[in-house]
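Take a moment to look over the sequence and the model together before reading on. The paragraphs below lead from rings to charges, with the surface and the cysteines in between.

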Amino acid sequence: MEKKESVIRTNRLAKSFGPVRAVKGINLLVKPGEIYGFLGRNGAGKTTTIRMLLGLIRPTCGEIEIFGVRLTGASGAVKRRILSRIGSFVEGPSAYPNLTIRENLEIQRALTRAPKSSIDGTIERLNLGEYASRRAGRLSLGNKQRLSLARAMIHAPELLVLDEPANGLDPAGILEVRSLLRSLAQDKGVTIFMSSHILAEVAQLADRIGIIHNGLLIEELDTADLGAKNRGSIEVETNDPARAKEILAAGLGLKEFETGPDGGLRINDAGARTAEIARALVNSGLELKRLAGVVENLEAHFMRLTGGPS
Amino acid sequence: MTFFITLRTEFAKLRRCPIVLVSFAVCAFVGAMLGLFVWIMANPGMAEKLGLIGDKARIAAAGISDWKGLFAVYLQIIGLFGLLLYSMILAFIFGREYAEGTAKNMLVLPIARSMFVTVKFIVAAVWFELLVLLLAAECLAAGALLGLPGFSAGLFLRSFGLILTASLLLLAVGSVTAWVAVATKGYLAPIGFAILSLILGILLGVTEIGRAFPWTVPAIFVGATHELPGTISTGGVVSALAAFAAAVLGTMIQVNVADNTQ
């Protein structure tokens, strides 16, 4: 029996490679028709999670549900039925180098039982017409990436699982792919789960974002809420940050402080109390050098959550 | 239906693969070289004038003076060179999916992974048997062109039967290479394994204890040890079949169960 409220759901999904705990019990929820951006640094666990979703590696523990069907422990026939509804590519483009784009797609088409007409349609959609008769081994990285995208979507899947889809594409290619993915989600209701480390790309495309760090899903948020979520933050710069922190904690009951590398103080639970904060600091005799509200973009938010530049 | 589609796509993957052409070219070359060798023995005077023959070659080719000798040499070539050939074919067919990064695409298709393994073994077997037929055809052409004496339909059928049986024994024991290819995810280890198994097969073939070793079975059968060509024991058949069963099961389990972290 399929439940419709989620396309992907994981429950305490974990994977260890020997002593290395690559993914540490994550709970994902991807809803129908949404574009879910899966963000993380290199080695955070993004690709391992994607491999588990696709059945390429076995979870150490936890459960995976796709289209409401529990895949953990499911029979091969059940897994194949689910896989027939998914298009994917994992960790870089790959194709048979001796075959042309068209021949590579013909293999994928035949094995996914897509109609013959889907080859031309997909080639056109990915702007590969000029290269259709060129061998995959002689393509640029960007066109190999397009071929991988074409292979993933040739059978019109309901779910696309894409690992770094914009890698290797030039700016125009990124725009094309962004527009293609958006139209697939909006017009055809395709659910897209994409990992990326290109923050601007995810910010512009994703409806929801999950941030994975050191194998843990540390935050899930709606892209639209990103600004609102951080609107309550204020940065202050004084001649004595430690004293400023004491004054604000004791006098205004503020608790969420972060000290920046330049000695500035960031107050995350300041709300709309800018004037109160300024008054409290000045009245205590501190020299207030700067006070500013923070509107954080995804990049700043991501860096803050994952511990700043590496 | 799915089986035939999968089989067809597996053959399609070989289109324009240089290694396919190279394998046929190498077999054609080996066959031609042996033909030349036999011609040299049939025309020692002319060969000596052309500088094509030395005393060592004369000794080595002793015995290839008729069709029986020619078939016996071809049988040995197929028995020994064939193991390397089939292993390289398997290493390519299975190993390329990992080396070229396409295994991760193949394993997420809605096709049973065991079916991929099955069709790959079939394609490898067809490819290998075509090469065996090419070598056999060259053998016939060489013997006919040189006008060797002693040809009979009985000898041809018996020799062809031996060549075919040897190739089937090679398909059985050589299949383990596929398992090595998927376990190590590439080409090099399976080719190294094939060379090692060939050497061990010949060395152990002359010992009593080595007769249970699967890779000695083709070597004994083709007469590369002290046995007459065509010698095979029940233990040898069981050993070769056990190697084949282990290879197919091992490959299927590896592909179905092991993590693909390529």
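**Rings, charges and surface**

Ring pairs link B:Trp67, B:Phe71, B:Phe151, B:Phe156 and B:Phe160 into a cluster. The model in which this cluster appears is a predicted one, and over all chains it holds 13 aromatic pairs. In one of them, the rings of B:Trp67 and B:Phe151 have centres 4.8 Å apart and planes at 65°, so the pair is edge-to-face. This pair links distant parts of the chain, since B:Trp67 belongs to helix H5 (residues 67-99) of chain B, while B:Phe151 sits in the loop between helix H7 (113-146) and helix H8 (153-174) of chain B, 84 residues apart. With a relative accessibility of 5%, B:Trp67 counts as buried, whereas B:Phe151, at 44%, counts as partly exposed. The ring of B:Phe151 also pairs with that of B:Phe156, and here the centres are 6.2 Å apart and the planes are at 40°, so the pair is tilted. B:Phe156 counts as partly exposed, at 23% relative accessibility.

A ring can also have a charge as its neighbour. In chain A, the charged end of A:Arg85 sits over the ring of A:Phe67, 3.9 Å from the centre of that ring.

Turning to the surface, B:Phe11, B:Val126, B:Leu130 and B:Leu133 make a nonpolar patch of about 320 Å². Helix H7 of chain B gives the largest share of this patch, three residues. B:Val126 lies in helix H7 of chain B, and its relative accessible area of 36% makes it partly exposed.

What does a search for disulfides find over all chains? The search of the whole structure finds zero. For B:Cys17 the reason can be read from a distance, because the closest cysteine sulfur, in B:Cys27, is 16 Å from its own sulfur, which is too far for a bond. B:Cys17 is buried, with a relative accessible area of 4%, whereas A:Cys61, at 43% relative accessibility, counts as partly exposed.

Salt bridges, by contrast, are present, and a search of the whole structure finds 22 of them over all chains. One is formed by A:Glu65 with A:Arg9, whose closest N and O atoms are 3.9 Å apart. This pair links distant parts of the chain, with A:Glu65 in strand S5 (residues 61-66) of chain A and A:Arg9 in strand S1 (residues 8-17) of chain A, 56 residues apart. A:Glu65 is buried, with a relative accessible area of 15%, while A:Arg9 is partly exposed, with a relative accessible area of 31%.

Another salt bridge joins B:Arg8 and A:Glu106, with the closest N and O atoms 4.0 Å apart. This pair crosses between chains, from B:Arg8 in helix H1 (residues 2-12) of chain B to A:Glu106 in helix H3 (residues 101-112) of chain A. Both partners count as partly exposed, B:Arg8 at 45% relative accessibility and A:Glu106 at 23%.

Within chain B, B:Glu97 forms a salt bridge with B:Lys120, the closest N and O atoms being 2.7 Å apart. Because B:Glu97 lies in helix H5 of chain B and B:Lys120 in helix H7 of chain B, the pair ties together parts that are 23 residues apart in sequence. B:Glu97 counts as buried, at 0% relative accessibility, and B:Lys120 counts as buried too, at 2%. These two residues are linked with B:Glu10 and B:Lys13 in a network of salt bridges.

Conventions: Residues numbered from 1 in each chain as written. Chains lettered and ligands numbered in written order. Predicted model: local features only at pLDDT ≥ 70, side-chain atom pairs only at ≥ 80, totals over all residues. Heavy atoms only, no water. Phe/Tyr/Trp six-rings, centres within 6.5 Å; stacked < 30°, edge-to-face > 60°. Helix = DSSP H or I, 4+ residues; strand = E, 2+ residues; numbered from the N terminus. Buried < 20%, exposed > 50% of the residue type's maximum accessible area, 1.4 Å probe, protein only. Lys NZ or Arg CZ within 6 Å of the ring centre and 35° of its normal. Patch = residues over 30% accessible without salt bridge, like charges linked within 9 Å, V, L, I, M, F, W, Y side chains within 5 Å. Areas by Shrake-Rupley, 256 points an atom, 1.4 Å probe, with all protein chains shown as cover. Salt bridge = Lys/Arg side-chain N within 4 Å of Asp/Glu carboxyl O. Disulfide = S-S within 2.5 Å.
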